[in-house]
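Trainee: I am new to this structure and would like a close look at a single part of it. Could you walk me through the salt bridges and then show me what surrounds them?

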Amino acid sequence: MSRRLEVALNGLGRRSNVRCSGRSRKTLFLLLLLFAIPAGDCSAQTPPPPVDEHAFERVPPTAAKGLATRFSLGAFVGRFEETPLGAVREAVGEGTIQHQGDAGGSIYWLCYRRAQHRLWVVSHGEMGGPDHLVTEIVEELTEKDTDTSTDCAIIPEKFAPLVFDGKLHLGMSRLEVVTALGPPSKSEAAQIVYYHEGKLADGFDETAWLILRFREEKLVSMHGGKTTTN
């Protein structure tokens, strides 16, 4: 890793003092996503899957404000950058918070499973702050003959389904997703991306995104997150 990249990543705290805008801010955001999850697995549990490095290539920030702001697990409702991992763990009553990496490349997460569902609730080490606020969530529906991460805790049925922003959940058709969220920022055969950039009232910059994958026109993977920097 180059010195410039290392400095950029280490400087991107949840509300860091790095000032960037336009293309430079988006570049730093993408670098953080690509390098925040270490390649080696140093824990007993399966780490969250890395962000698709090609997902944000040539993607404009066309998604409306309000993208990836909250999530629900059954009756439990949390908010990105506000809800700590500990609150999710306490509500579910299962799972162990795992840790991997150092400094700007560190992450904390909870891993759950039920049937063919795999779920990771993630906090980036710096951007999630000392309280390990939720900054990213991944849920996947695997094939029936695929390993479902048996090292992850079983989540009780009452905490299903995972829903983003009160309207997005696995099993939806591609048409239902586009009807609920509007036209995607980028569309491919088996994947669509929603990407948002905006300025908050306090002057901070907000970035939110969703990477959605389909199999036979049904939503089988949701990978979303939200970050705030200045």
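Mentor: Happy to help; we will start with the salt bridges and then look at their surroundings.

This is a predicted model, in which local features need pLDDT of at least 70 and side-chain atom pairs count only at pLDDT 80 or more, while totals for chains, interfaces and linings use all residues. Residues are numbered from 1 along each chain as its sequence is written, and side-chain values use heavy atoms, with hydrogens and water left out.

A search of the whole structure finds 8 salt bridges, a salt bridge being a side-chain nitrogen of Lys or Arg within 4 Å of a carboxyl oxygen of Asp or Glu. In general, side chains of opposite charge can pair when their charged atoms come close.

Let us begin with E81 and K226, whose side chains meet at 2.8 Å, N to O. E81 sits in the loop between β2 (76–79) and α3, and K226 in strand β12, so this salt bridge ties together parts that are 145 residues apart in sequence. Helices (H or I, at least four residues) and strands (E, at least two) are DSSP runs, numbered from the N terminus. E81 has a relative accessible area of 4% and is buried; K226, at 9%, is buried as well. Here buried means under 20% relative accessible area, exposed over 50%, and partly exposed in between (1.4 Å probe, protein chains only). E81 and K226 also belong to a network of salt bridges together with E206.

E206 leads us to H196, because E206 is among the residues that H196 touches, along with P61, A63, A64, K65, L67, T207 and A208, not counting residues up to four places away in sequence. Contact means heavy atoms within 4.5 Å. H196 itself is in strand β10, and its relative accessibility of 6% makes it buried. A polar atom of the H196 side chain lies 3.1 Å from the backbone oxygen of A63.

Next comes the salt bridge of E140 with R118, where the closest N and O atoms are 2.5 Å apart. E140 is in strand β6 and R118 in strand β5, 22 residues apart. Both count as buried, E140 with a relative accessible area of 13% and R118 with 16%.

E143 and R215 form another salt bridge, at 3.3 Å, N to O. E143 belongs to the loop between β6 and β7, while R215 is in strand β11, 72 residues away. These two are partly exposed: E143 has 39% relative accessibility, and R215 has 30%.

The loop between β6 (136–141) and β7 (153–154) also holds C152, which pairs with C111 of strand β4 (residues 107–114), 41 residues apart. C111 and C152 form a disulfide with sulfur atoms 1.7 Å apart, a disulfide being a pair of cysteine sulfur atoms within 2.5 Å. The torsion about their S-S bond is about 70 degrees, so this disulfide is right-handed. Both C111 and C152 are buried.

To set these pairs in the whole chain, note that it has 4 helices and 12 strands, and that buried residues make up 53% of its 230 residues. Among contacts between residues at least 6 apart in sequence, 61% join residues at least 24 apart.

Conventions: A polar contact is a pair of N or O atoms within 3.5 Å; within protein, one must be able to donate a hydrogen and the other to accept it, and residues adjacent in sequence count only if both atoms are side-chain atoms.
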